[in-house]
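Me: I should like to learn how to read the strands of a sheet and the setting of a single residue. Please take me through an example.

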Amino acid sequence: MATADNLIQVIDLKKYYNHGAIKALDGITVDIRKGDVMVVIGPSGSGKSTFLRSLNLMEMPTGGAILFDEVDITKKKVRNEAGKMVKLDIDKHRQKMGMVFQHFNLFPHMTILGNMTLAPIQVKHMPKAEAEEKARKLLDRVGLADRADAYPIQLSGGQKQRVAIVRALMMEPEVMLFDEPTSALDPEMVGEVLDVMKELAQEGMTMVVVTHEMGFAREVGNRVLFMADGRLLEQGTPADIFEHPQHPRLKDFLSKVL
Amino acid sequence: MSISVSGFEKTFQYAQMFKEGMLCTVYLSLFTVILGFMLALVLAVMRMSNFRPLRFLAMTPDGHMREEGFLAFVSRFNPISFVATVYVEVIRATPMLVQLFIVYQVVFDKDVINLPSVTVLGFLKLNRFLPGVVALALNSGAYLSEIIRAGIQSVDGGQTEAARSLGLGQGQTMRFIVLPQAIKNILPAIANEFVTIIKESAITYTIGVADLMAAVKAAQAGTFLVLEPLLVVAALYFCLTFPTSKIIAYFERRMRRGDRR
């Protein structure tokens, strides 16, 4: 059952398309604990992105449950503290889950500062000055202090993704979800983004990372999930997965990517 | 037919009528744009709504949703979107003149909606002006709604996802992320529609609105001149439409700031 350090419990999560003909997720059960750096690997089409996007309901699952802080966020209605059934406010839960996308998805009509302060100001009602100060501090941490007033189009891919990460951090999430954060980057920019993620992991941030960067999985991850055909085929520490793979699909996959 | 300086001089004796006509055309266009835009927003939202009251028909006994077949097709029926679509298609497929006459002669008939014969703002006859505005707005709203819908759908889905993942609600995402980008995309098309409204408002002289075209008719009747009043009114329409498109082009350039390299 739920223990105190279980942040997200995924129970038998299913996502079907075309009346079950396509099973993007076919019964995934996994616990994400506070401080976990969980790396999800697998061949393309294995459902790892769908899994990640289900965690904050960018995709609505067909079945199963996702308990976030012990609340099932896949339900339309939940029981509140007073024991009454109330409509689930998914926006509230999404605030606690930062997400970083493959294609950055910065808002092109706003400056970097505007991108970062929009949600804190509008959702958390943080005063503008306070939000900007906080944004500048975060930008400084990722080495982009001088780009605060630039527009996204003026930044390189690596810079954009670093901004996307600190934009998500502005909301002080309890968990960060990374959906192939380096897949759209030129090779020489991958390192700068991974460095930021590594630093974040060392600070104790709970992270779920879908990636093809096996080096990152090995070095930074404390748990690795291997998915194929919408199923979770193997999980363990990086050492288990990379040094002693058990499942033939995993062995086959590793022989191709390593 | 000749063109002469004295002809223009005679025409200019009707300057007061042209002035009032021009103001009338400006008011006509302005109210039409405002009303039409509001109608267009409503229509666009209706067409993009996700209201499917017959959804339960597609539910199988074991709780799954049917994807194919007649029941699935019926279950996707959205009455709100259907009404808006029918409206837009009918408006786009019938002549503006017919719509204007239906509004003026049928809807604003004495027995249906009886407008008092009052003069507002000094020279606008309400019982002619209002039907004119309503007819023009009903027409342009249909066209504008298509432009708005296309603009909203042109914004990358990743933008919405990013906004929602930060905890912004559906309305906030629309307001801060989708609409600003959509408006930027559709501004040229909207400018075009605004210019069209100014020009099309000329048609309302057929129901007796004292706009620029009515001034032309008066000047032609009083002076027996044909060409000069028409040239004057063409110039005046140009003076209205050209700055309108230029002003919107200016805003468009300003909004492109984020795209500069």
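Me: How many bridges join β8(A) to strand β9 of chain A?

Reply: Strands of a sheet pair through backbone hydrogen bonds, either parallel or antiparallel. In this predicted model, β8(A) is joined to β9 (residues 175-179) of chain A by four bridges, and the two strands run parallel. Within this pair, A:G98 stands opposite A:M176 in β9(A).

Me: Which helix packs on the sheet, touching β8 and β9 of chain A?

Reply: Helix α5 of chain A, residues 157-169, does so. Its direction makes about 170° with that of β8(A).

Me: In what order do the six strands of the open sheet stand?

Reply: The order is β8-β9-β10-β3-β11-β12 in chain A, with mixed pairing. The edges are taken by β8 (97-100) and β12 (231-236) of chain A; each has a single partner strand, so one side of each is left without a neighbour in the sheet. From one strand to the next, the twist averages 20°.

Me: Turning to a single residue, is A:I22 buried, partly exposed or exposed?

Reply: A residue is called buried under 20% relative accessible area and exposed over 50%, with partly exposed in between. A:I22 has a relative accessible area of 43%, so the residue is partly exposed. A:I22 belongs to strand β2 (residues 22-33) of chain A.

Me: With which residues is A:I22 in contact, leaving aside its neighbours within four places in sequence?

Reply: A:I22 is in contact with A:K15, A:Y16 and A:Y17. As for A:K34, 12 residues from A:I22 in sequence, the C-alpha to C-alpha separation is 32 Å.

Methods: Residues are numbered from 1 along each chain as its sequence is written. Chains are lettered from A and ligands numbered from 1 in the order in which they are written. This is a predicted model: local features need pLDDT of at least 70, side-chain atom pairs count only at pLDDT 80 or more; totals for chains, interfaces and linings use all residues. Side-chain values use heavy atoms; hydrogens and water are left out. Two strands pair if DSSP finds at least two bridges between them. Axes are lines fitted to C-alpha atoms, for helices over the stretch in contact, and angles run from 0 to 180 degrees between N-to-C directions. Contact means heavy atoms within 4.5 Å. Buried means under 20% relative accessible area, exposed over 50%, partly exposed in between (1.4 Å probe, protein chains only).
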